[in-house]
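Colleague: I have a model open and would like to learn how to read its pockets and cavities. Can we walk through it together?

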Amino acid sequence: MGIMLLLKKLHQPYLIAYIIAGIVLGPYVLGIFTKPDEIEVIGEFGILFLMFFLGMEINVPNNTSLLIKPIIAQSMKILLSFICALAIGYTADFSLNDILLITILFIFNSTAVVSEFLKKHNTLKTMFGIMILNMLIFQDLLLAPALTLLKVQGQESFDVLNIIIPVLVCIAIFLLLKRIRNIQEIKFPVVSNFVENDHDLQVFLGLLICLGFGLLAETSGLSGALGSFMAGVVVGRVKSFNWLEHSLLPFKVFFTTLFFVSIGLRLDLSYLFSNFKMVLLGTFFVLASNSVMSALIFRVLKYNWKDSWYGGALLSQTGEFGILALSVAYKTGIIEYSLYKTGLGITCLSLLFSTIWISMLKGIIISPKKRDI
């Protein structure tokens with residue numbers, strides 16, 4: 001609680017406090033929780049709720065460039081990430097599998113961290129905020145192909161349907177977004193009248209919508225977070241469902257907290273202290289290189305230097321999907337234990353330090369006169 005009050009005074013998201021709490025409660029300090037995987041499974045519900053609320057709040061832009069530019073930007077970032085990973089692999093004499101995994105870690109940022117930061121600073125609904133959020137949604141679309149690639153590299157059984165179904169679902173999502181941006185309100189009068197005065201039914205219907213769409217997305221090979229986001233986009237256009245936000249907010253806070261606590265639980269302090277220099281250097285390299293790559297991309301897309309560096313700072317960390325990619329790569333034998341632990345440490349620390357990094361760069365790039373760099 002004390003950490004949260006301090007972060008509130010410093011205008012920082014509470015996510016840092018949750019990760020620190022996970023470190024303290026984990027097996028390497030107090031030892032209250034010794035099985036991070038179990039907490040993480042429960043905590044993943046928090047990401048579903050977080051994305052659902054984002055979908056409800058965000059307006060699907062009428063401006064076509066806000067749908068096309070994120071795709072261009074993310075495609076450029078994939079290319080730059082691969083080049084950067086190649087340079088690292090050449091220097092450290094890594095295998096091609098290791099290079100592909102490093103590329104994936106560079107590609108995926110934390111939707112949870114970035115969206116919370118945008119909301120806290122009232123920039124989520126600005127044109128630039130929507131642009132960044134759309135980039136993150138496009139990253140979620142790429143999760144299924146990335147995990148499929150890792151499994152193929154690990155010589156697991158491969159089914160062509162694992163590629164075809166996600167592609168078809170992605171096309172359906174694009175068509176839905178294109179359609180829904182021209183619809184002001186979706187009406188379900190029968191459902192609205194049925195649950196209007198029944199709070200218990202409202203809660204369970206809300207859980208069914210949020211988690212049900214997430215489950216459908218997982219079944220089709222995409223991320224559950226993307227499914228929950230799409231559910232939120234649709235529900236956000238149904239005014240008779242305004243009660244959902246009030247009913248599900250406690251679930252969102254609780255489960256999101258558990259997810260970030262699980263990240264702190266996963267941080268192996270004994271390995272971190274043994275390889276302190278390498279992990280810390282890797283963390284700051286990720287933050288710096290991701291910031292530079294993203295800033296250059298935004299600048300190429302004609303944003304001014306101030307917005308470009310701010311966007312680069314927001315997209316500096318390795319996200320929660322990086323942890324999933326590391327786990328898949330280790331379980332399928334693509335990477336060794338040491339690289340798995342190093343990658344996990346870098347990912348956790350990049351999430352922990354990212355909000356401080358964002359605030360620091362924001363303070364540098366925004367001068368008192370608010371002029372462009």
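Colleague: By class, how many nonpolar, polar and charged residues are in the lining of the second largest pocket?

Modeller: One caution before the answer: this is a predicted model. To read a lining, sort its residues by class. Here the lining of the second largest pocket has 15 nonpolar, seven polar and two charged residues.

Colleague: What volume does the second largest pocket have?

Modeller: The volume is about 600 Å³. The pocket is lined by 24 residues, and the closest to its centre are Ile-88, Phe-94, Ile-102, Thr-342 and Ile-346.

Colleague: Which helix gives the most to the lining of the second largest pocket?

Modeller: Map the lining onto the helices. Helix H4 (65-92), helix H5 (96-107), helix H14 (276-300) and H17 each supply at least two residues. H17 gives the most, with six residues.

Colleague: Let us take one residue of that lining. Where does Thr-342 lie?

Modeller: Thr-342 lies in helix H17, which covers residues 337-365.

Colleague: Does Thr-342 count as buried or exposed?

Modeller: Compare the relative accessibility with the cut-off. Buried means under 20%. Thr-342 has 9% relative accessibility, so Thr-342 counts as buried.

Colleague: What does the side chain of Thr-342 reach?

Modeller: Look for a polar partner, then for other neighbours. The side chain of Thr-342 reaches the backbone oxygen of Ser-338 at 2.8 Å. Leaving out residues up to four places away in sequence, Thr-342 touches Tyr-271, Met-278 and Val-279.

Colleague: Now the enclosed space. How many cavities of 30 Å³ or more does a search of the whole structure find?

Modeller: The search finds one cavity of 30 Å³ or more. The largest cavity holds about 50 Å³ of space.

Colleague: Which residues line the largest cavity?

Modeller: The lining is Arg-266, Leu-267, Asp-268, Tyr-271, Leu-272, Val-279, Lys-341, Leu-344 and Gly-345. Helix H13 (269-274) and H17 are the elements that give two or more residues. H17 has the largest share, three residues. Tyr-271 and Val-279, both touched by Thr-342, are among the residues that line this cavity. By class, its lining has five nonpolar, one polar and three charged residues.

Colleague: Last, the cysteines. How many disulfides does the structure hold?

Modeller: A disulfide is a covalent bond between the sulfur atoms of two cysteines. This structure holds zero disulfides.

Colleague: Is Cys-84 buried or exposed?

Modeller: Cys-84 has a relative accessible area of 14%, so Cys-84 is buried. Cys-348 also counts as buried, because its relative accessibility is 2%.

Conventions:
Residues numbered from 1 in each chain as written. Predicted model: local features only at pLDDT ≥ 70, side-chain atom pairs only at ≥ 80, totals over all residues. Heavy atoms only, no water. Helix = DSSP H or I, 4+ residues; strand = E, 2+ residues; numbered from the N terminus. Buried < 20%, exposed > 50% of the residue type's maximum accessible area, 1.4 Å probe, protein only. Polar contact = N/O pair within 3.5 Å; in protein donor to acceptor, adjacent residues only side chain to side chain. Contact = heavy atoms within 4.5 Å. 1 Å grid on protein atoms, 1.4 Å probe; cavity = no way out; pocket = protein on both sides within 12 Å on 5 of 7 lines; lining within 4 Å. Points joined across faces, edges and corners; volume = space filled by probe spheres on them. Nonpolar A, V, L, I, M, F, W, Y, C, P; charged D, E, K, R; others polar. Disulfide = S-S within 2.5 Å.
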